[in-house]
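Please open the structure in the viewer and display the whole chain before making any selection. The tour proceeds from the overall fold to a single helix.

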Amino acid sequence: MNKILKSLIKFSPKERLQIQQDALLITNREFHTLNIKKLKGFGGLYRAKNGKARIVFYMNEKEVKIIKIDRRNDNTYKNL
């Protein structure tokens with residue numbers, strides 16, 4: 001099982017559905033309804049915030065790749 005799917009198991013079904021919807025918007029580059037911010041010092045990495053959940057993703061002109069999905073805590077942005 002890949003790392004992203006394992007991290008989704010930590011969330012409740014309601015949270016999981018919202019995270020999946022947000023991830024679909026991110027991969028389709030439909031950012032207008034999302035709370036997105038560029039991460040300082042990580043060049044090309046962004047985060048989407050949804051309650052306590054964070055979706056960390058890489059984006060350039062050609063691709064969008066989700067790196068990590070996790071709850072916000074002290075280790076959320078470490079080891080990226």
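With the entire chain selected, colour the residues by burial: 35% of the 80 residues of the protein chain count as buried. Please note that this is a predicted model. The accessible surface of the protein chain amounts to about 5700 Å², and 52% of that surface belongs to carbon and sulfur atoms.

Next, switch to a cartoon and follow the chain from the N terminus, where the elements run α-α-β-β-β-β. The radius of gyration is 12 Å, close to the 12 Å that the globule rule gives for 80 residues, so the protein chain is as compact as a globular protein of that length. Its C-alpha trace spans about 30 × 25 × 25 Å along the principal axes. Among contacts with a separation of 6 or more, 36% join residues 24 or more positions apart.

Now select residues 13-27, which form helix H2. This helix has 15 residues and reaches 21 Å from its first C-alpha to its last, close to the 21 Å expected at 1.5 Å a residue.

Within H2, show the side chains of Ile19, Asp22, Ala23 and Ile26, which are buried. These residues lie on the same side of H2, because they cover an arc of only 105° around the axis.

What do the buried residues of H2 pack against? Add helix H1 (3-8) and the strands E2 (45-50), E3 (53-59) and E4 (64-71) to the selection; these are their partners.

Rotate to the face of H2 turned away from its buried side, which carries the exposed residues Pro13, Lys14 and Leu24.

Finally, select Arg29, just after H2, where phi is positive at about 60°.

Note on methods: Residues are numbered from 1 along each chain as its sequence is written. This is a predicted model: local features need pLDDT of at least 70, side-chain atom pairs count only at pLDDT 80 or more; totals for chains, interfaces and linings use all residues. Side-chain values use heavy atoms; hydrogens and water are left out. Helices (H or I, at least four residues) and strands (E, at least two) are DSSP runs, numbered from the N terminus. The expected span of a helix is 1.5 Å times one less than its number of residues. Buried means under 20% relative accessible area, exposed over 50%, partly exposed in between (1.4 Å probe, protein chains only). The arc is that of the directions from the helix axis to the C-beta atoms. Contact means heavy atoms within 4.5 Å. The radius of gyration is taken over C-alpha atoms; the globule rule is 2.2 Å times the number of residues to the power 0.38. Accessible areas come from the Shrake-Rupley method with a 1.4 Å probe; for residues, only the protein chains shown count as cover.
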